[in-house]
Amino acid sequence: MIKHTLRAAGRVLPPGLRCFSGISAGEITEDASEQAGCAHLTQQASLYVHWPYCLRRCSYCNFNKYIPRDNNNHVMTECLQRETETLLLLSQVSCITSVFFGGGTPSLAQPSTISAILETVSKHANLSDKAEVTLEVNPTPVGMSKLEDYWHAGVNRFSIGVQSLQDEDLKILGRDHSSHQALQTIKEARRLCPGSVSVDVMFGRPGQSVESWEKELSELLKVCDDHVSLYQLTLERGTQLFKQVQCGEVTVPAEEVTAEMYQCARRTLHQHGFQQYEVSNFARHNAVSHHNMSYWKGRQYIGVGPGAHGRFVPLGEGGVIREARTQTLEPDVWIREVQQRGHGTRRRIQLNHLKLLEEVLVMGMRIMEGITHKHWQSFSPQLGLHEIFATSVDVRELLQSGQLILDDRGLRCSWDGLALLDVMLPSLLLELETQILQKSQGELMDKPRRPPTHDDSNVIRVT
């Protein structure tokens with residue numbers, strides 16, 4: 001039941017969203033212009049920086065990552081700085097609210113690289129000393145040895161890819177660290193950034209049972225900090241693990257077993273004082289990931305580095321339409337493009353009103369608080385949540401079942417409903433599309449007809 005929902009969590013793009021790359025786009029409407037023009041929506045953004053290199057490829061991974069052929073840290077640093085500068089200047093952003101260094105394995109980058117990028121950001125936008133700056137860390141001895149240098153460079157939050165405390169499972173997953181090394185890395189990270197250390201842990205691994213998962217998670221919670229991210233192992237076509245499962249070399253738990261693992265984890269985390277605030281994220285002492293929250297709340301973000309994604313309103317061309325941007329995937333090609341024209345943007349797509357609201361809906365429903373009326377109104381001032389969803393037969397069934405809640409606060413999943421989000425989303429998206437199209441058709445009937453244009457494409461060619 002939760003498989004697709006947890007897959008959508010990805011690891012933020014971004015994600016994360018590695019996020020949310022399946023959104024298409026279409027005709028631009030006046031409503032989109034109105035919402036995107038709000039100053040607080042266009043002048044602030046988070047920044048995602050992608051470091052594409054890894055020393056090895058994990059058996060389950062199909063992310064955009066590469067094994068470096070030589071040491072090009074200097075060139076990569078210069079290009080990340082230049083693209084950061086270029087995209088900030090192309091946007092209307094004057095304040096960066098958070099920075100996330102993801103990958104790949106960003107803990108392979110030199111601390112001087114992190115420092116240089118943050119300095120570039122500060123030259124072209126306001127970056128508060130208190131802004132959240134996160135670095136993903138591979139818990140190897142090399143990664144751990146650089147934690148203090150990263151902290152001095154400006155990192156104030158670490159996200160550690162523990163994945164498992166079972167050494168045999170780590171070998172199957174192709175990880176290059178041991179459980180002992182992971183525990184030592186957590187300890188050192190907590191010393192440097194107490195209350196600001198997250199751990200990633202994976203369930204649904206080969207040979208795993210609900211009982212062994214509960215025991216392992218309980219052990220991890222004895223030593224971890226105040227944030228835990230859960231990820232269900234997904235078999236991606238073309239990966240080594242996918243081939244091993246296809247050939248019968250290894251077996252993974254059935255879907256109903258992984259669903260019980262998820263519910264078991266929710267109960268266990270709650271018993272240890274963690275509050276679930278998103279489908280796959282849990283925190284205590286309010287130690288939420290502010291960077292990821294910006295994705296789930298539909299805010300702007302700038303994506304820098306090979307394969308990074310972004311969503312922001314550019315300067316010029318009216319300066320009111322949010323664009324979905326994708327950077328060139330292959331690092332060597334991306335480097336050449338950045339050196340030639342300042343950025344490696346491969347694709348720009350203008351998001352119409354419907355597609356933008358689809359993103360706001362899908363991402364906002366992932367969090368426990370859901371979508372408030374005020375938040376929705378900032379994107380859809382003319383059609384409220386009650387107007388869109390209250391009259392739908394399918395949505396009413398979800399409300400009556402207790403899986404979905406629509407009240408004075410807004411629209412959100414119940415505790416039980418959050419695990420069924422992927423089942424509910426098609427009905428919500430269909431009703432959203434129906435209502436938006438009906439409203440658009442009604443407005444067209446009230447307006448004089450204009451002659452059709454021959455080119456209504458919203459895909460912008462990047463030169």
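This tour moves through the structure one selection at a time, beginning with the whole chain and ending at a buried arginine in a loop. Keep in mind throughout that this is a predicted model.

**The whole chain**

Begin with the protein chain as a whole and colour it by secondary structure, which comes to 20 helices and 16 strands. Of its 463 residues, 58% are buried, and the accessible surface amounts to about 20,400 Å², with carbon and sulfur atoms contributing 50% of that area. If contacts are displayed between residues at least 6 apart in sequence, 74% of them join residues at least 24 apart.

**Strands β1 and β9**

Next, select residues 301-304, which make up strand β9, together with residues 44-51, which make up strand β1. The two strands run parallel and are joined by 4 bridges, and within this pairing Leu47 stands opposite Ile302 of β9. Strands of a sheet pair through backbone hydrogen bonds, in either a parallel or an antiparallel sense.

Now turn on the side chains of β9, bearing in mind that in a regular strand they alternate between the two faces of the sheet. Which residues of β9 lie on each side, and are they buried or exposed? Tyr301 and Gly303 are on one side, Ile302 and Val304 are on the other, and all of them are buried, so that both faces of the strand are covered.

**The open sheet β13-β15-β14**

Move on to the open sheet of 3 strands, whose order is β13-β15-β14 and whose pairing is antiparallel. Its edge strands, each pairing on one side only, are β13 at 371-372 and β14 at 404-406.

Select β15, residues 410-413, and follow its pairing with β14, which is antiparallel and extends over 3 bridges. Ile405 stands opposite Arg412 in β15, while Leu406 stands opposite Leu411. These two strands, β14 and β15, form a hairpin with 3 residues between them.

Looking next from β15 towards β13, one finds an antiparallel pairing with 2 bridges, in which Ile371 has Leu411 of β15 as its bridge partner. Leu411 is therefore a useful residue to centre on, as it is the bridge partner of Ile371 and also stands opposite Leu406.

**Aromatic pairs**

Hide the backbone and show the aromatic side chains, among which the structure holds 6 aromatic pairs. For Phe203 and Trp213, the ring centres are 5.6 Å apart and the planes stand at 35°, which makes the pair tilted. Because Phe203 belongs to strand β5 (residues 197-203) and Trp213 to helix α10 (residues 210-221), the pair ties together parts that are 10 residues apart in sequence. Phe203 is buried, with 0% relative accessibility, and Trp213 is likewise buried at 0%.

The next pair to select is Tyr277 and Trp296, which is edge-to-face, at 6.1 Å centre to centre and with 65° between the planes. Here strand β7 (residues 275-278) holds Tyr277 and helix α13 (residues 290-296) holds Trp296, so the pair ties together parts that are 19 residues apart in sequence. Tyr277 counts as buried at 11% relative accessibility, and Trp296 counts as buried at 6%.

Return to Phe203 and Trp213 and add Tyr262 to the selection, since ring pairs link Phe203, Trp213 and Tyr262 into a cluster.

Then select Arg266 and Trp415, where Arg266 lies over the face of Trp415, at 3.8 Å from the ring centre.

**Cysteines**

For the next stop, select Cys79 and Cys95. Cys79 has a relative accessible area of 4% and is buried, and Cys95, at 18% relative accessibility, also counts as buried. How many disulfides does the structure contain? The count comes to 0 disulfides, a disulfide being a pair of cysteine sulfur atoms within 2.5 Å.

**Arg366**

Finally, select Arg366, which is found in the loop between α15 (353-364) and β13. Is this residue buried or exposed? Arg366 counts as buried, because its relative accessibility is 2% and the limit for burial is under 20%. Displaying Tyr277 again gives a link back to the aromatic pairs: the C-alpha atoms of Arg366 and Tyr277 are separated by 8.5 Å, although the two residues are 89 residues apart along the chain.

Conventions
Residues are numbered from 1 along each chain as its sequence is written. This is a predicted model: local features need pLDDT of at least 70, side-chain atom pairs count only at pLDDT 80 or more; totals for chains, interfaces and linings use all residues. Side-chain values use heavy atoms; hydrogens and water are left out. Two strands pair if DSSP finds at least two bridges between them. Buried means under 20% relative accessible area, exposed over 50%, partly exposed in between (1.4 Å probe, protein chains only). Contact means heavy atoms within 4.5 Å. Accessible areas come from the Shrake-Rupley method with a 1.4 Å probe; for residues, only the protein chains shown count as cover. Rings of Phe, Tyr and Trp (its six-membered ring) pair if their centres lie within 6.5 Å; planes under 30 degrees apart count as stacked, over 60 as edge-to-face and the rest as tilted. A charge sits over a ring if NZ of Lys or CZ of Arg is within 6 Å of the ring centre and within 35 degrees of the ring normal.
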